[in-house]
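Have the sequence and the 3D view ready. This report goes from strands to cores and then to the whole protein.

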Amino acid sequence: MERLHYQPIKQFRVRSGVCEISDPWSMAKVTASSPAIEVMTDLRKIPAATIAHDLSLAQANHSMILRGVRLLFVTDLSRRVVGVITSNDLLGEKPTRVAGERMMRHEELVVRDIMVATEELDAVSLSDVLRSEVGHVVSTLKACGRQHALVVEEGGNGVLSLRGIFSASQIARQMGIPLQTTEVARTFAEIEAAIAG
């Protein structure tokens, strides 16, 4: 039964000089034994950064810069996820290699040409994440040699939905590890040193 009458929330006067604006990028500090869910970007709370599969690599790079992210979910015309593209995909040697293999100019490549297709992606289930700790997530990322891991949730109809994402750089920030690089091996070495420390 729905309540018909609600009491107002208690209010108070804010004193001068004691109120600051919250930093939207501040995240809870974690340790290796913290619940894994604390380092997952929950796509029910934060909209997924997406890009259409037929846009140029320059547009993808610009989109990442504007959004402050290093991974975009690639969608088709029906807005279904068909893959992911990372900053390493865009700025590494992959575009040059693919352009050479296809005898195309770099500028002619589009997102679908260098993205990692959905069927090549590994994911973890939300139910497993809810029983795991941050150390498990770090171990998973290290084992697959990736900066990101997708979290999926199975609906009642058996259809998987993308529920969240883990990012090595976000985990490092939440653990208080300053990162100066996007290199996978060094990122994990810094995280493991913090865990062991």
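Helices (H or I, at least four residues) and strands (E, at least two) are DSSP runs, numbered from the N terminus. Two strands pair if DSSP finds at least two bridges between them. This is a predicted model, in which local features need pLDDT of at least 70, side-chain atom pairs count only at pLDDT 80 or more, and totals for chains, interfaces and linings use all residues. Residues are numbered from 1 along each chain as its sequence is written, and side-chain values use heavy atoms, with hydrogens and water left out.

**The sheet**

The protein has eight helices and eight strands. Four strands form an open sheet with mixed pairing, in the order β1-β8-β7-β6. Its edge strands are β1 (41–42) and β6 (123–125), and each pairs on one side only.

Strand β7 has two partners in the table below.

| Pair | Sense | Bridges | Facing residues |
|---|---|---|---|
| β6 and β7 (148–154) | parallel | three bridges | alanine 123 opposite leucine 150 |
| β7 and β8 (160–167) | antiparallel | seven bridges | glutamate 154 opposite leucine 160 |

β7 and β8 form a hairpin with five residues between the strands. There, glycine 158 takes a positive phi near 85°.

Is β7 mostly covered or uncovered? It is mostly covered: five of its seven residues are buried (under 20% relative accessible area with a 1.4 Å probe, protein chains only; exposed is over 50%, partly exposed in between).

**The cores**

In soluble globular proteins, nonpolar side chains tend to be buried together. A nonpolar core here is a set of buried Ala, Val, Leu, Ile, Met, Phe, Trp, Tyr and Cys residues joined through side-chain atoms within 4.5 Å.

The largest core has 18 residues. Val134, Phe166 and Ile171 have the most contacts inside it. At least two residues of this core come from each of α5 (126–129), α6 (134–144), β7 and α7 (168–174). Helix α6 gives the most, with four residues. A second, separate core has 16 residues, among them Leu57, Ile85, Ala99 and Ile114.

**The whole protein**

Of the 197 residues, 36% count as buried. The protein exposes about 13,200 Å² (Shrake-Rupley method, 1.4 Å probe). Carbon and sulfur atoms supply 54% of that area.

Contact means heavy atoms within 4.5 Å. Among contacts with a separation of 6 or more, 58% join residues 24 or more positions apart.
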